[in-house]
Amino acid sequence: MRLTPSRPPVADAPAGSALESAGMIERSLDRADRRSFQIRLTEQGYAAVDAAMTRHTANVTALLAGLTPRELTTLDALARKLLHHLTAPDR
């Protein structure tokens, strides 16, 4: 991920510092633009993301377990319609 001066610098934000202190990310100055940082997940960071995604998938599966296949199809169609509306360029 590349952070540029036009964005609030996450690497300098409390969350960035906390993630770095916790060993989740590593940051270094961007060689091409010394005003920016390169941020990457560490192995520990990848493990945390993987664990969070596993929990999230289990939660979504449990939430949707009570729906019939037809209801799931309807939900999928409605979610796609909403996503299309929210990402339309004229929005």
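Let's start at one side chain: Glu26, at 40% relative accessibility, counts as partly exposed. Keep in mind as we go that this is a predicted model. Glu26 has a partner, since its side chain and that of Arg40 meet in a salt bridge, with 3.0 Å from N to O. Arg40 sits in strand S3 (residues 37-41) and Glu26 in strand S2 (residues 25-29), so this pair ties together parts of the chain that are 14 residues apart in sequence. Arg40 is partly exposed too, with a relative accessible area of 46%.

Staying with charged pairs, a search of the whole structure turns up four salt bridges. One of them joins the side chains of Glu20 and Arg27, at 2.5 Å from N to O. Glu20 has a relative accessible area of 30%, so it falls in the partly exposed class, and Arg27 is partly exposed as well, at 27%. Another of the salt bridges is between the side chains of Asp33 and Arg35, at 3.0 Å. Here the two ends sit in different classes: Asp33 is buried, with a relative accessible area of 12%, whereas Arg35, at 61%, counts as exposed. The cut-offs behind those labels are under 20% for buried and over 50% for exposed.

Now step back to the whole chain. Its secondary structure comes to three helices and three strands, and reading along the sequence you get the pattern β-α-β-β-α-α. Of the 91 residues, 13% count as buried. The chain exposes about 7,400 Å², and carbon and sulfur atoms supply 61% of that area. As for contacts with a separation of 6 or more, residues 24 or more positions apart account for 30% of them.

How far can you lean on the coordinates? The chain averages a pLDDT of 87, and 85% of the residues score at least 70. Among the elements, H2 has the highest mean pLDDT, at 97, while strand S1 (residues 2-3) has the lowest, at 48. Where pLDDT is low, the predicted coordinates should not be read in detail. So for S1, with that mean of 48, go easy on the fine print.

That brings us to the helices at the other end of the pattern. Which residues make the nonpolar surface patch? They are Val60, Leu63, Leu64, Leu67, Leu72 and Leu75, and the patch they form covers about 460 Å². Helix H2 (43-64) and helix H3 (69-87) are the elements that give two or more residues to this patch, and the largest share, three residues, comes from H2.

Leu72 is the patch member to look at in H3. With 34% relative accessibility, Leu72 counts as partly exposed. A residue needs over 30% to be taken into a patch, so Leu72 clears that mark at 34%. For the geometry around Leu72 and Leu75, it helps to recall a bit of helix arithmetic. An α-helix has 3.6 residues a turn, so residues three or four places apart point the same way.

H3 itself has 19 residues and reaches 27 Å from its first C-alpha to its last, close to the 27 Å expected at 1.5 Å a residue. H3 is also hardly covered: the count of buried residues among its 19 is zero.

Notes
Residues are numbered from 1 along each chain as its sequence is written. This is a predicted model: local features need pLDDT of at least 70, side-chain atom pairs count only at pLDDT 80 or more; totals for chains, interfaces and linings use all residues. Side-chain values use heavy atoms; hydrogens and water are left out. Patches are made of residues with over 30% relative accessible area and no salt bridge: like charges are joined within 9 Å, nonpolar side chains (Val, Leu, Ile, Met, Phe, Trp, Tyr) within 5 Å. Accessible areas come from the Shrake-Rupley method with a 1.4 Å probe; for residues, only the protein chains shown count as cover. Helices (H or I, at least four residues) and strands (E, at least two) are DSSP runs, numbered from the N terminus. Buried means under 20% relative accessible area, exposed over 50%, partly exposed in between (1.4 Å probe, protein chains only). The expected span of a helix is 1.5 Å times one less than its number of residues. pLDDT is the predictor's confidence in each residue, from 0 to 100. Contact means heavy atoms within 4.5 Å.
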